Amino acid sequence: MKKKLNLEQMRTIGLALIIFGVVIAIFGKVRTGSLLLAVGMGEYAYARYLIIGMKRRIELFVPLLIAVALFIVSLTLPHAG
C-alpha cells in the first residue's frame with residue numbers, strides 16, 4: 001500500500017528543490033536550475049499555505065504566480081544550458 005506524502009514532507013521536498021535549483025544555476029545550468037526553482041517554489045508555497053491554515057488567497061496566488069512566471073521565463077531563455 002502506498003503512503004501519501006504529508007504536508008511537512010511536501011514542504012521539505014520543495015525546499016530541497018529550491019536549494020538544488022540554485023546550486024545547479026550557479027554552476028552554469030541556468031534553465032534547469034530555474035525550472036527546479038520554480039517547481040520547488042510552487043510546491044513550498046502550496047504546502048506552506050495548507051500548513052498555516054491562513055485563508056487569504058493572496059498568500060497562495062502571489063507566490064504561485066511568481067513561480068509560474070519564473071517557469072515561463074526559464075523556458076523562453078535563449079541558449080541557456
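Colour the predicted model by pLDDT and compare its elements. Helix α1 has the highest mean pLDDT among the elements of the chain, at 92, while helix α3, residues 58–76, has the lowest, at 89. Over the whole chain the average pLDDT is 86, and 90% of the residues score at least 70. Where pLDDT is low, the predicted coordinates should not be read in detail.

**First stop: α1 and α2**

Select residues 7–26, which form helix α1, together with residues 30–52, which form helix α2. Two packed helices are described by the angle between their axes and the distance between the axes. Here the axes approach to within 7 Å and cross at roughly 155 degrees. Angles over 145 degrees count as roughly antiparallel, and α1 and α2 are therefore roughly antiparallel to each other. The crossing in which α1 passes α2 is left-handed. Now display the residues of the contact between α1 and α2: 20 are nonpolar, five are polar and three are charged.

**Second stop: α2 and α3**

Keep α2 selected and add α3, residues 58–76. The axes of α2 and α3 come within 9 Å, with a crossing angle of roughly 165 degrees. This pair, too, is therefore described as roughly antiparallel. When viewed for handedness, α2 passes α3 in a left-handed crossing.

**Third stop: the salt bridges**

How many salt bridges does the structure hold? There are two.

For one of them, return to α1 and show the side chains of glutamate 8 and arginine 11, which meet in a salt bridge with an N to O distance of 3.2 Å. These two residues are separated by about one helical turn, because they lie three residues apart in helix α1. Are glutamate 8 and arginine 11 buried or exposed? Glutamate 8 is partly exposed, with a relative accessible area of 41%; arginine 11 also counts as partly exposed, at 26% relative accessibility.

For the other, select arginine 56 and glutamate 59, whose side chains form a salt bridge at 2.3 Å, N to O. Arginine 56 has a relative accessible area of 52% and is exposed, as the cut-off for that class is over 50%. Its partner, glutamate 59, is partly exposed at 29% relative accessibility.

Technical notes: Residues are numbered from 1 along each chain as its sequence is written. This is a predicted model: local features need pLDDT of at least 70, side-chain atom pairs count only at pLDDT 80 or more; totals for chains, interfaces and linings use all residues. Side-chain values use heavy atoms; hydrogens and water are left out. Axes are lines fitted to C-alpha atoms, for helices over the stretch in contact, and angles run from 0 to 180 degrees between N-to-C directions. Helices (H or I, at least four residues) and strands (E, at least two) are DSSP runs, numbered from the N terminus. Angles under 35 degrees count as roughly parallel, over 145 as roughly antiparallel, 65 to 115 as roughly perpendicular and the rest as oblique. A crossing is left-handed if the near helix is turned anticlockwise from the far one by less than a right angle, and right-handed if clockwise. Ala, Val, Leu, Ile, Met, Phe, Trp, Tyr, Cys and Pro count as nonpolar, Asp, Glu, Lys and Arg as charged, and the others, Gly among them, as polar. A salt bridge is a side-chain nitrogen of Lys or Arg within 4 Å of a carboxyl oxygen of Asp or Glu. Buried means under 20% relative accessible area, exposed over 50%, partly exposed in between (1.4 Å probe, protein chains only). pLDDT is the predictor's confidence in each residue, from 0 to 100.
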